[in-house]
Amino acid sequence: MAGSGSSMLYSFLLFTVILSLQMMYRGKLASSELFTILGGFISSLLFLVLLTFIGNFQESNGMRTSWGAVILAEAVALIVASTVHRVCITTCFLFSAGLLYEINKISGVLVSKIESKTKRH
């Protein structure tokens, strides 16, 4: 399993690469309806990697991650989506909400597994 430092570095690098590619191809992403939806999905991936970066940064500094990290990551993703197309803002928000729901579900499963292991021993 990757530590918080290496995961923070990888998520920052992924954020930089995805953001750069999205800005390079923003004309293409705004050219049709399907590409506009794809632009919103790409922006939601920015939300995911930025949330990972912020969470690992807070963990490495001994702080607890809260809803402020989610709001900050979502705000950045929506601002980036707005540079591509107006519809990308809506699709980014919807895809990000779905990703956040799934992350929360997976986190709950992992926490319950860890708690059950500690109760057995």
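**Exercise 1.** Find which residues make the nonpolar surface patch of about 420 Å² in this predicted model, then place Phe12 in its helix and class its exposure.

*Solution.* Start with the patch: Leu9, Tyr10, Phe12 and Leu13 make it up. Next, look up Phe12, which sits in helix H1, residues 4-24. Now the exposure: Phe12 has 42% relative accessibility, so it counts as partly exposed, given that this class runs between the 20% and 50% cut-offs.

**Exercise 2.** Work out whether Ser43 is buried or exposed, and list its contacts beyond the neighbours within four places in sequence.

*Solution.* First, locate Ser43: helix H3, residues 33-60. Then check the relative accessible area, which is 0% for Ser43, so call this one buried. Finally, go through the contacts: leaving out neighbours within four places in sequence, Ser43 meets Gln22, Ala77, Val80, Ala81 and Cys92.

**Exercise 3.** Compare the span of H3 with the expected value, and see what phi does just after the helix.

*Solution.* Count the residues of H3: there are 28. At 1.5 Å a residue you'd expect 40 Å, and the run from first C-alpha to last comes to 41 Å, which is close. Step just past H3 and you hit Gly62, with a positive phi of about 80 degrees.

**Exercise 4.** Describe the setting of Val76: its helix, its exposure and its contacts.

*Solution.* Val76 belongs to helix H4, residues 67-82. Its relative accessibility is 26%, so Val76 is partly exposed. Skipping residues up to four places away in sequence, Val76 touches Phe15 and Leu50. As for Gly108, its C-alpha lies 26 Å from that of Val76, with the two positions 32 residues apart in sequence numbering.

Terms used:
Residues are numbered from 1 along each chain as its sequence is written. This is a predicted model: local features need pLDDT of at least 70, side-chain atom pairs count only at pLDDT 80 or more; totals for chains, interfaces and linings use all residues. Side-chain values use heavy atoms; hydrogens and water are left out. Helices (H or I, at least four residues) and strands (E, at least two) are DSSP runs, numbered from the N terminus. Buried means under 20% relative accessible area, exposed over 50%, partly exposed in between (1.4 Å probe, protein chains only). Contact means heavy atoms within 4.5 Å. The expected span of a helix is 1.5 Å times one less than its number of residues. Patches are made of residues with over 30% relative accessible area and no salt bridge: like charges are joined within 9 Å, nonpolar side chains (Val, Leu, Ile, Met, Phe, Trp, Tyr) within 5 Å. Accessible areas come from the Shrake-Rupley method with a 1.4 Å probe; for residues, only the protein chains shown count as cover. A salt bridge is a side-chain nitrogen of Lys or Arg within 4 Å of a carboxyl oxygen of Asp or Glu.
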